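Please open the model in your viewer and keep the sequence panel beside it. The tour below moves from one selection to the next and says what is there at each stop.

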Amino acid sequence: MAVNQANIFIALEALLKHLDKTAFIYGFLDAYGYSKATITRLQGNDSRNIAAHPERGEVAFKKGVYFKPVEPGHDIHAIADSLKALPSNGKDGIRFVIVTDWVDIVAYDLKADERLECLLTALPENYTFFLPLAGFEKATIYSENPADVKAAEQMGRLFDLIKERNPPKTQDDIHVLNVFLTRLLFCFFAEDTGIFATDQISSAIASFTSEDGSDVAKFYTELFEVLNEPDTSAVRQSKPAYLKAFPYVNGGLFRNKLPVPEFGAKARRILLDCGALQWSEINPDIFGSMFQSVIDEDQRGNLGQHYTSVTNIMKLIQPLFLDKLEAELEASRSSEAKLKQLLDRISKIKVFDPACGSGNFLIISYKELRKIEMAVFKALDEVSRQKVMFMSNIKLSQFYGIEIDDFAHEIALLSLWLTEHQMNQAFRNEFGYTAPTLPLKDAGNIAHGNSLRLDWSTVCPRTDIEEVYVCGNPPFLGFSNRSKEQQNDMDTVFDYKGNYKKLDYVACWYKKGASYISKSKSELAFVATKSIYQGEQVGWLWPEILNLGIHINFAYLPFKWKNSAQNNAQIHVAIVGISCINHTKKIIHSQIDKTWHVREVSKINPYLIDGDNIFVEARRRPLNAPKPIVLGSSPKDDGNLLLTKDEKNLLLDNFPEYSKFIKKYIGTDEFLYSRPRWCLWLRDYTLEELMKLPFISDRLTRVSKFRQDSTKAATRESASIPHLFDEDRQMDKGFFLLIPYTTSENRIYLPMGFYDTSIVVSNLANMVIEGDLFDLGILSSQMCLDWMRAVGGRLENRVRFSGQLVYNTFTWPDINQKQREQIERLAEEIILIREDYPDKTLAQLYDPDLMPAPLLAAHEALDIAVEKLYRDKPFKDSSERLEHLFARYKKLVEAENNNIKG
């Protein structure tokens, strides 16, 4: 049944425009691609129609639909529910139950356990619900648990209906709605996990509210009031028995009396559907992202993208504090006194997430500390001579956070409560008893506000000797994605000092966090974009942090973040832990062939390698490169000195004598993608004679005006010479090695090529003057490319080959003639292999998924030869190459400085 989805929509629209009740279901099946023969047999009332009452227009067939039309006035919801419950559905493989009164339609997808409810006229907009009939099975989206997805979908539908009937008009209205939603979610969870009786609320709603939903708001208003009243309260005693049966909750969740939104019949039905879900199966660590997807329609269907997974949270909190506690547990197992000291230590630990979102880091930290505590209790039970009843001393008040979003703030509080309950249940399963969940105690200390404007010491007070662990996943925003308010935040955090404006936004949390933990036992680790450990950002951020006496103690080298997120697939992050405590053993985690490996080192510098704290600074002259490098020429012309292929051909058709004014023009894109462009190269002519020429005079007039309007003084000055490039670095004669200015971070190797001065190079490419095969061999090796990735910085997601920051700081090897000749031969082999693929662009040849095997092998052979120029022993990976290069860089810079001083 291969069909076009657009055609389904069109067919359903036509079906409703000319509605024929007797033929509706057959037109519906035709829209979804059922064969004419099948539809004809169903119309003929043959044995394929297994409906109970074909004479009433019912149509049903195996592995298909059960369709039942009724006249207006019938309860189509009850009818659909009764059809859904038919025992024969399973035997007959019925997929969809469809009931309509020709005004509304109700349908069930029995396999996916989903319901559609809409006006019949809205059927075309909801055509995707029935796509399995056309062979398009619905994708199952998994997060940590499919129950999370189902709950998010149902809650999304409910929230939409509530918001439609109760549109928020002010920020206070939004807050009230957020609080109601968190209370509602607590109730769903409570009746599935033993806090309330099983289905206690759902049963009460079904029994004591009207089907039209008109009194649901009143029900919840009274319920929330009861949940906030102790058992002896006069208010509680005045309520009906079904409300008095609910326990006292406390904890502040129901403390404030806030209005409850109005419900309708449909919202009430979805409310009951939500109550029927298995909330006990939902993981507390995904509550935040699941509930956020309820609020943000764009996030529904992308569940799992917008939260930090347990795996990634554990990458951070294990080396930050869990590994230390587990090591102490192992060392204390035979000593009752040491075990008790460990318990006391755990009960005093503070965990602080200053960008906590919905509380994921705090939730997982709480759970893991409870697990360690239970392990200590079991160890004590083994060494103690008398039976002891243990009770947890870990309190939610040990967990602190700051969150700017109101809804996420409310969810963080709720999630910590629910997590405490789940861990109490785990404690009961282990020891046979637990502290009662109700009444709730105060939740964590989660402040609502702007983390970069609040005083962290006020939110999470600490002494210099307290064990405070700061952790989290602050916003990743780069320079071009920030709002004006966020830029103002950066101005405040950095006190308008230094080159901070182009730092990633996450740098604010490192800067502020370093000040918070300085001169104390506190430690910090964040997930951050890898950009703050590469290129210019290292020198802008880290000297100020390290000057506070801070040390880097562990690091996860950059890895892809949120792999399942379509819009974030290219984000790479690193995890770095810092403190004023200089740990003897420092750990670097690196991913090799998708497996994490651990290496102990004596020091970690801000480039995340084993090395001293060196900051690579841009240089005007090469450190020890044999030849100079320059950036190409910049026209600053608003495109008026440049020509496309068509423009060039048209110009020469009309003015063949203009060929002397035209040169081929090349930059990074033209080089990599074989996109021909030309330019008007007029350096050898006077402006006076050029302004007499058609076409050229018009172009030069435009260039002059554009430069006059420029905000840059140097460009305004060049308005009087519009026939010349604004920045002219073109060589008069000779040849050069062209190096792209940027390259994709996914590209393994960076292609380079040779040209002579008949070509004009743009300012989007570099030129190594008189560069030869030896230069190409060194510069296109992994030794140089690893250096580029580490110190060259980024332009969006592209790696930048900066002449001053990469080429001029790169340390070339000392060689003899024989070694030079070997590198030249290997580099020439690369050029020759590329010529074997004349129909491929360099971008295609160097695509990591498409790179021809001979070309890859040639580059790998070159890598081996270049590495041997630096040392005989092969390097294991890029980390070792960088460690060697940084050590060599330090040595050469020190020698240079000594020569200057001498």
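## A tour of charged side chains

Begin by selecting Asp30, which is partly exposed, with a relative accessible area of 35%. Keep in mind throughout that this is a predicted model. Now add Lys36 to the selection: the side chains of Asp30 and Lys36 meet in a salt bridge, with 3.3 Å from N to O. Lys36 is exposed, at a relative accessible area of 60%. Side chains of opposite charge can pair when their charged atoms come close.

Before the next stop, zoom out and show the whole chain. The protein has 902 residues, of which 54% count as buried, and its secondary structure consists of 33 helices and 25 strands. Along the principal axes, the C-alpha atoms fill a box of roughly 95 × 85 × 50 Å. If you display contacts with a separation of 6 or more, residues 24 or more positions apart account for 70% of them. Switching to a surface view shows about 40600 Å² of exposed area, and carbon and sulfur atoms supply 50% of that area.

Next, colour the side chains by charge. There are 108 positive and 121 negative side chains in the protein, and the centres of these two sets lie 3 Å apart. Salt bridges in the model come to a count of 49.

With the charges still coloured, select Asp75, Asp81, Glu211 and Asp212, which gather in a patch of negative charge on the surface. To see where one of these residues sits in the chain, centre on Asp212, which lies in the loop between α8 (200–208) and α9 (216–227). Asp212 has a relative accessibility of 44%, so it counts as partly exposed.

From that loop, follow the chain into helix α9 and select Lys218 together with Glu222. These two residues form a salt bridge in which the closest N and O atoms are 3.5 Å apart. Lys218 and Glu222 are separated by about one helical turn, because they are four residues apart in helix α9. Which of the two partners, Lys218 or Glu222, is buried? Glu222 is buried, with a relative accessible area of 18%, while Lys218 counts as exposed at 53% relative accessibility.

For a second pair within a helix, go to helix α30 (residues 817–835) and select Arg820 and Glu824, which lie four residues apart in that helix, about one turn. The side chains of Arg820 and Glu824 meet in a salt bridge, with 3.6 Å from N to O. Arg820 counts as partly exposed at 22% relative accessibility, and Glu824 counts as partly exposed at 24%. Returning to Lys218 and Glu222, extend that selection to Glu225, Lys239 and Lys257, since salt bridges that share partners join these five residues into one network.

The last two stops concern the backbone. Select Lys519, which has a positive phi of about 55° although it is not a glycine. Lys519 is found in the loop between α20 (507–517) and β10 (523–529), and this side chain belongs to an exposed residue, with a relative accessible area of 71%. Finally, move to Lys636, a residue that is not a glycine and yet has a positive phi of about 45°. Lys636 lies in the loop between β15 (629–631) and β16 (642–643), where it is partly exposed, with a relative accessible area of 26%.

Definitions and conventions:
Residues are numbered from 1 along each chain as its sequence is written. This is a predicted model: local features need pLDDT of at least 70, side-chain atom pairs count only at pLDDT 80 or more; totals for chains, interfaces and linings use all residues. Side-chain values use heavy atoms; hydrogens and water are left out. Buried means under 20% relative accessible area, exposed over 50%, partly exposed in between (1.4 Å probe, protein chains only). Contact means heavy atoms within 4.5 Å. Accessible areas come from the Shrake-Rupley method with a 1.4 Å probe; for residues, only the protein chains shown count as cover. Lys and Arg count as positive and Asp and Glu as negative; His and the chain ends are not counted. The place of a charge is taken as NZ of Lys, CZ of Arg, CG of Asp or CD of Glu. Patches are made of residues with over 30% relative accessible area and no salt bridge: like charges are joined within 9 Å, nonpolar side chains (Val, Leu, Ile, Met, Phe, Trp, Tyr) within 5 Å. A salt bridge is a side-chain nitrogen of Lys or Arg within 4 Å of a carboxyl oxygen of Asp or Glu.
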